[in-house]
Amino acid sequence: MEETRIRTVTKEDLPAIQKIEHASFKDPYPKAFMEYLYHTNKSTFFTAESKGEIAGYIIASQEDSMGHIIAIATQQSERRKHIGTKLMEAIIEIFLKSKIPTIRLEVRKNNIEAQKFYEKLGFKYSYTIEGYYGDEDGLVYYKSL
């Protein structure tokens, strides 16, 4: 069984990441915004490579003294193989090295599976933002490092 490799994203990875984004989210980020995120978050934009293909990605940013998980997704066929966990661990390691004390993320209120995933990783629900996703509330989670 081939090992999943976590590495920083390259510009050549963006089309495959965009496919995962569109397959994973009701309101995917447009190509231009994904390119913007690539250019502004190069040190905290990772991909998971499995069997020579992009299996998932995570985008994070450092905002003042807090880390922010912007997006994380894996290919449907690669879910439940700990790829998301490996991607989160890679980002947490970066934030620990940068002495970032807290990480924040938002998740759709109806995305129970993602909420359980974040809670398993030690994230705690903090508050709800009404209409965050336009048609749905967003739940804000934090994790202290």
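1. A residue counts as buried here when its relative accessible area is under 20%. By that yardstick, 43% of the 145 residues in the protein are buried. Bear in mind while reading that this is a predicted model.

2. Overall layout. The protein has four helices and seven strands, and from the N terminus on they run β-α-α-β-β-β-α-β-α-β-β. The C-alpha atoms fill a box of roughly 40 × 35 × 30 Å along the principal axes. Is the fold compact or extended? The radius of gyration is 14 Å, and a compact globule with 145 residues would have one near 15 Å, so the two agree. As for long-range contacts, take those between residues at least 6 apart in sequence: 61% of them join residues at least 24 apart. On the outside, about 8,400 Å² is exposed, with carbon and sulfur atoms supplying 51% of it.

3. Strand β2. This one spans residues 45-50, and six of its six residues are buried. In a regular strand, side chains alternate between the two faces of the sheet. Here Phe 45, Thr 47 and Glu 49 point one way, while Phe 46, Ala 48 and Ser 50 point the other, and all are buried. So if you were hoping to tell a covered face of β2 from an open one, burial won't help, because every one of those residues falls under the 20% cut-off.

4. Neighbours of β2. Strand β1 (residues 5-8) pairs with β2 in the antiparallel sense over four bridges. Strand β3 (residues 53-63) also runs antiparallel to β2, joined to it by six bridges. Phe 46 is a handy residue to click on: it is the bridge partner of Thr 8, and it stands opposite Ile 58 in β3.

5. The turn after β2. β2 and β3 make a hairpin with two residues between them. Lys 51 sits in that loop and has a phi near 55 degrees, a positive value in a residue other than glycine. Is Lys 51 buried or exposed? Exposed, because its relative accessibility is 54% and the cut-off for exposed is over 50%.

6. Another positive phi. His 82 lies in the loop between β4 and α3. Its phi is about 70 degrees, again positive although the residue is not a glycine. With a relative accessible area of 52%, His 82 is exposed. Just after α4, Gly 122 takes a positive phi as well, of about 100 degrees.

7. Helix α4. Which residues of α4 (residues 112-120) are buried? They are Ala 114, Gln 115 and Tyr 118. These cover an arc of only 100 degrees around the axis, so they sit on the same side of the helix. The face turned away from that side carries the exposed residues Lys 116 and Lys 120. What do the buried residues of α4 pack against? Their partners are β4 (66-74), α3 (83-97), β5 (102-108) and β7.

8. The cores. Nonpolar side chains in soluble globular proteins tend to be buried together. The largest nonpolar core in this model has 24 residues, and Ile 58, Ile 69, Met 88, Tyr 118 and Phe 123 touch the most other members. β2, β3, β4, α3, β5, α4 and β7 each supply at least two residues of this core, and α3 gives the most, with seven. A second, separate core of 13 residues includes Met 34, Tyr 38, Ile 54 and Ala 73. Going back to Tyr 118, its contacts beyond four places in sequence are Ile 72, Met 88, Leu 105, Val 107 and Phe 123.

9. Val 140. This residue is found in strand β7 (residues 138-144) and counts as buried because its relative accessibility is 1%. Beyond four places in sequence, Val 140 touches Arg 104, Leu 105, Glu 106, Lys 124, Tyr 125, Ser 126, Tyr 127 and Ile 129. The C-alpha atoms of Val 140 and Ala 73 are separated by 18 Å, with their positions 67 residues apart along the chain.

10. Gln 18. Last stop: helix α1 (residues 14-24), where Gln 18 is found. Its relative accessible area is 11%, so Gln 18 is buried. Leaving aside neighbours within four places in sequence, Gln 18 is in contact with Tyr 29, Pro 30, Lys 31 and Met 34. Met 34, you may recall, is included in the second core.

Key
Residues are numbered from 1 along each chain as its sequence is written. This is a predicted model: local features need pLDDT of at least 70, side-chain atom pairs count only at pLDDT 80 or more; totals for chains, interfaces and linings use all residues. Side-chain values use heavy atoms; hydrogens and water are left out. Buried means under 20% relative accessible area, exposed over 50%, partly exposed in between (1.4 Å probe, protein chains only). Two strands pair if DSSP finds at least two bridges between them. Contact means heavy atoms within 4.5 Å. The arc is that of the directions from the helix axis to the C-beta atoms. A nonpolar core is a set of buried Ala, Val, Leu, Ile, Met, Phe, Trp, Tyr and Cys residues joined through side-chain atoms within 4.5 Å. The radius of gyration is taken over C-alpha atoms; the globule rule is 2.2 Å times the number of residues to the power 0.38. Accessible areas come from the Shrake-Rupley method with a 1.4 Å probe; for residues, only the protein chains shown count as cover.
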